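User: Hi! Could you teach me how to read this structure, starting with the ligand and then the helices?

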Amino acid sequence: MQYRRLGSSGLQLSALSFGAWVTFGGQIGAEAARELIATAWDHGINFFDNAEGYANGEAERVMGQALAQLRLPRDGYCVSSKVMFGAVDDPRPTQRGLSRKHVVEACHDALRRLQVEHLDLYYCHRPDPDVPIEETVWAMDGLIRQGKVLYWGTSEWPAASIREAHKVARAHHLHPPTMEQPQYNLLHRERVELEYAPLYAELGLGATTWSPLASGLLTGKYREGFSSQGRLGLADTAWLQRLVVGGSEQRRLARVEAFVAIARELGEPPAPLAIAWCLRNPHVSSVILGASRSDQLRQNLQALDLAARIGEADWLRIENAVA
Ligand SMILES: NC(=O)c1ccc[n+]([C@@H]2O[C@H](COP(=O)([O-])OP(=O)(O)OC[C@H]3O[C@@H](n4cnc5c(N)ncnc54)[C@H](OP(=O)(O)O)[C@@H]3O)[C@@H](O)[C@H]2O)c1
């Protein structure tokens, strides 16, 4: 494994990390989840990502159980949660969002479900237009001062809002957000590469990126259609299929096709190749992987080797093909 600093902070995260979305508490059982955490840990992964909204808190419960059963040393790994969407169906106004009330209560709930005494990373899962940024910054700072959270950050916040949070923090000597959690893959690059570009140096922003395979699309396994086994073929994820493939379905699938063709030419599996491309960006602190089975995770871990082995000319060819 390779370890990278989380922005300008002193926290070293594994360059590949592992998240629970869709899978834990939903698509897979507790035993498969435990096996995935064990595989990740055995390969040096030290960051496990979660959120209150994943399966209404069930993903955190399953992850907490796995971490406890495997008896992983608490100082050897980092675990996160995210707050915004709530952990119940049809949340009432105080059961969601970034008010001080919900930020604090969601933290307590995540600690209980994950069976830990502090969250290493705690993210605002989206911006909340109904809450002043100042209130959220104060709430996060309070949790840090109480030792319940070590680093806080944002997920998919506009650069201007991240800057505003820093401004508030500077004015009141509070802890500013350390990291962002944006989507980043060969099909979705702009925010990480353009919008946030000035923030890495200016604010020391770290980036833990999500969906390196665009929910599995970049593996090429949906080339024959979405009826195959896999996340985008699941009955209750039709909304996700629309989101991932987008309005211009043929165009996105053609881009994937072009990528898979180059992978085949290079004799490399598409999944770790697509993940390796994310790793090449030096501003990425950690690429958060997802997997429904351990053999997928093991294959994806080959990305570390591929990132070092594939030459510039081939990366350029790949980028041009999917542009
Ligand atoms: N902050 C946010 O808003 C946000 C949003 C989304 C995700 N995330 C975080 O980022 C993590 C990773 O995102 P993601 O799960 O979307 O990542 P991803 O890598 O884009 O998709 C992972 C899925 O692709 C399939 N897959 C993975 N490796 C494969 C392989 N080698 N061969 C074939 N299929 C493979 C698996 O699903 P199937 O086997 O079911 O096809 C797996 O669950 C999440 O768990 C979560 O922690 C954060």
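Here is a short walk through the ligand's surroundings and one helix pair.

Analyst: This is a predicted model: local features need pLDDT of at least 70, side-chain atom pairs count only at pLDDT 80 or more, and totals for chains, interfaces and linings use all residues. Residues are numbered from 1 along each chain as its sequence is written.

User: Which residues are the closest to the ligand?

Analyst: A residue is near a molecule if its C-beta atom, placed from the backbone, lies within 6 Å of it. Here 28 residues surround the ligand, and the closest are Gly 19, Trp 210, Gly 216, Gly 230 and Gly 290. Strand E10 (286-289) and helix H12 (294-300) each give two or more residues to this shell; helices (H or I, at least four residues) and strands (E, at least two) are DSSP runs, numbered from the N terminus. H12 gives the largest share, 3 residues.

User: How do helices H2 and H3 cross?

Analyst: You fit lines to C-alpha atoms over the stretch in contact, and angles run from 0 to 180 degrees between N-to-C directions. The axes of H2 (residues 30-42) and H3 (residues 58-69) come within 9 Å and cross at roughly 60°. That makes H2 oblique to H3, because angles under 35 degrees count as roughly parallel, over 145 as roughly antiparallel, 65 to 115 as roughly perpendicular and the rest as oblique.

User: Which residues of H2 make the contact?

Analyst: Two residues are in contact if their C-beta atoms, placed from the backbone, lie within 7 Å. H2 uses Ala 30, Ala 33, Arg 34 and Ile 37, while the H3 side includes Val 62 and Leu 67.
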